[in-house]
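Me: I am new to this structure and would like a close look at one part of it. Please start from how the copies are arranged, then work inward to a single strand and its surroundings.

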Protein chains: 2
Amino acid sequence: MKRVYNFSAGPAVLPEAVLQQAANEMLSYGNSGMSVMEMSHRSKEFQSIIDQAEADLRTLLAIPENYKVLFLQGGATLQFSMVPLNLFQNKEVDFIHTGAWTEKAMEEASRYGKVNVIASSEDRSFTYIPNLDELSFSKDADYVHICQNNTIYGTRFTSLPDTKGKILVSDMSSNILSEPIDVEKFGLIFAGAQKNIGPAGTTIVIIRDDLITKNYLEHTPLMLQYKLHADKGSMYNTPPTYGIYICGLVFKHLLATGGIPAMYERNLKKAALLYDYLDSSNLFHGTVQKADRSLMNVTFKTDSEDLDKQFVTLAKEKGLVNLKGHRSVGGMRASIYNAMPYEGVMALVEFMKEFEREHLS
Amino acid sequence: MKRVYNFSAGPAVLPEAVLQQAANEMLSYGNSGMSVMEMSHRSKEFQSIIDQAEADLRTLLAIPENYKVLFLQGGATLQFSMVPLNLFQNKEVDFIHTGAWTEKAMEEASRYGKVNVIASSEDRSFTYIPNLDELSFSKDADYVHICQNNTIYGTRFTSLPDTKGKILVSDMSSNILSEPIDVEKFGLIFAGAQKNIGPAGTTIVIIRDDLITKNYLEHTPLMLQYKLHADKGSMYNTPPTYGIYICGLVFKHLLATGGIPAMYERNLKKAALLYDYLDSSNLFHGTVQKADRSLMNVTFKTDSEDLDKQFVTLAKEKGLVNLKGHRSVGGMRASIYNAMPYEGVMALVEFMKEFEREHLS
């Protein structure tokens, strides 16, 4: 079976070389005589898999020593609970509201404390990132929460707010490993694996060690305490071992292909190819303010819902799949994560040109 | 690389046919042109995978219609929080204490309410199951919690307590799918996947629908509410899609090989082979009261720690791996879950006989 170009927003395309290696090792990892799936998490073999995965992630992102890397479960959604449960002291948080993911995080945080929306792009359907130069932070806010790339609307923070020393928490589920970041600017970074990292069911948390305390809210369930996971090297209980193994393969693959700087170059090139075409097209147009366009999730439309529908259907027949936009936005969305090859974006643009020719003639 | 006989207590051996199929489908599932790992959880393909997995589990266990099946994350350990958070009304629970797993569950439940130990086998190092005929339940207990098979000590409930109408909650992490059960006897069943079901990171919950309410404790995090997961068909957020797919393959494999009755027969036969030898051996002896011996985790010792060590080391060289007992018990433990073939137990017994001959002569 020929592989398709999969533009899914997540779970999403993974590097073919990684999948091939996983297939090859499925019945026996190295000389172990067993699948990684069958391996005790307390075995030397698995300890070395998780240690190597962490080491490679540290190399990729230049994570300073005073940050812990945790491999958790529950996705970004569980982090919407864990972050306030563990970081609330004054029980107050400032949010920059950029769409569905900050909405959900705010709903959950507001169950444990006070939520301040210090900026929002809701007035124009989240098609831009609010001006970060005019923010005023709340005196008692324990931290500032942002979602750095919005998968649904296709927006991206191209710079970070100066939080004047307040802890910055970033949901990087859909941009992690796609561009260089300075980890020291953040108190806590979290990301569901299923876009740029690996299979759904593994969540990465990068947390500055002074934030790992016993000062979580009294009723915080055991498994939601960062301190427990940090103290136990992410193995208080059985972690999602196979998922962590695949994440490790993705990290290795990324290192072998030039790391983040090279990946960022490729991502810029892929996004430029698509956005440049969109800007020149008489049929399709991008839906996001140019300065804030995502490198990962490219949202676009024609002026006709019928044409949008036709486009998605015909594209699928050409092996360009999962191009339908999120139901709350409509139109199309091409998610072009790290593992989407340049050829995939080229094929998409070629098909868009063909579709345009046919429907504007 | 030749596959070993893997006696790990979990993550544990999986059916070779399942691993082979997973390897074959790694780069393209069916005609999809993508791995299940790359598949949107909102796609028709994945919906059909999770629906089929649920349907097959329902067939295997004859789960009545008034029970919901949930595919969650976080392992049994997260259930130690979720069960009291969702089931506490009077905030009181009765436990039958049979070792480390009920200990941990009690510790967590006691953070939200009152824990009564109504029976315990702690007096003899958890080497037996307490007498279930003499239990007296607490008037205000919301439910009774048991762990039906203890992986560490190697004990097993061969019958269930008559809870006089009180809700029975069972941790079946290490015995689910190994023997027939009557789901109607339980209010809630939970099991981490990584013994008899699939990869670590997926947790199965089977819950009677009248227990799925909004009456969870006020501070229960969103992702820990059964109602949310039940209302959203386990897809409020991205579930561990690949893990669920592997669980589904295991269910299909089990159905194709005779279902639970046939598996139970095979398990009885495997366990009998090992226990019969233990009872006849002059070197090795079982560590659990005969009537309460586990079919899944067979614990045994020689009278010498040195010999135990030697045995584990030599066995490994023969491709019989992960036979070391849990550090809190010592000695040996052979976990012979569903996917351990009869030939594996035969090979183990043959090697034990050989070892015995050499060390008793």
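Reply: In this predicted model, a turn of 180° with a shift of 0.0 Å along the axis lays chain A on chain B with an RMSD of 0.0 Å, where the copies are superposed by least squares on the C-alpha atoms of residues with pLDDT of at least 70 in both. That is the relation of a two-fold axis. Ala23(A) is the residue of chain A that comes closest to the rotation axis, its C-alpha being at 2.2 Å. Of the interface residues of chain A, 100% are also interface residues in chain B, so the copies meet through the same surface; contact here means heavy atoms within 4.5 Å.

Residues are numbered from 1 along each chain as its sequence is written, and chains are lettered from A and ligands numbered from 1 in the order in which they are written. Local features need pLDDT of at least 70, side-chain atom pairs count only at pLDDT 80 or more, totals for chains, interfaces and linings use all residues, and side-chain values use heavy atoms, with hydrogens and water left out.

Chain A is divided into domain 1 (16–256) and domain 2 (259–360), with bounds from an automatic or database domain assignment. The centres of the two domains of chain A, taken over C-alpha atoms, are 27 Å apart. Between them, 25 residues of domain 1 of chain A are in contact with 23 residues of domain 2 of chain A.

Now the single strand. Strand E3 of chain A (residues 92–97) runs parallel to strand E4 of chain A (residues 114–120), and 6 bridges join them. Strands (E, at least two residues) and helices (H or I, at least four) are DSSP runs numbered from the N terminus, and two strands pair if DSSP finds at least two bridges between them. From E3(A) the chain crosses through helix H4 of chain A (residues 100–109) to E4(A) in a right-handed β-α-β crossover: with the strands pointing away from the viewer, the path from the first strand over the helix to the second runs clockwise. His97(A) has Ser120(A) as its bridge partner in E4(A).

Glu92(A) also lies in strand E3 of chain A. With 12% relative accessibility, Glu92(A) counts as buried (under 20% relative accessible area; exposed is over 50%, partly exposed in between; 1.4 Å probe, protein chains only). Leaving out residues up to four places away in sequence, Glu92(A) touches several residues, including Lys114(A), Ser138(A), Asp140(A) and Tyr143(A).
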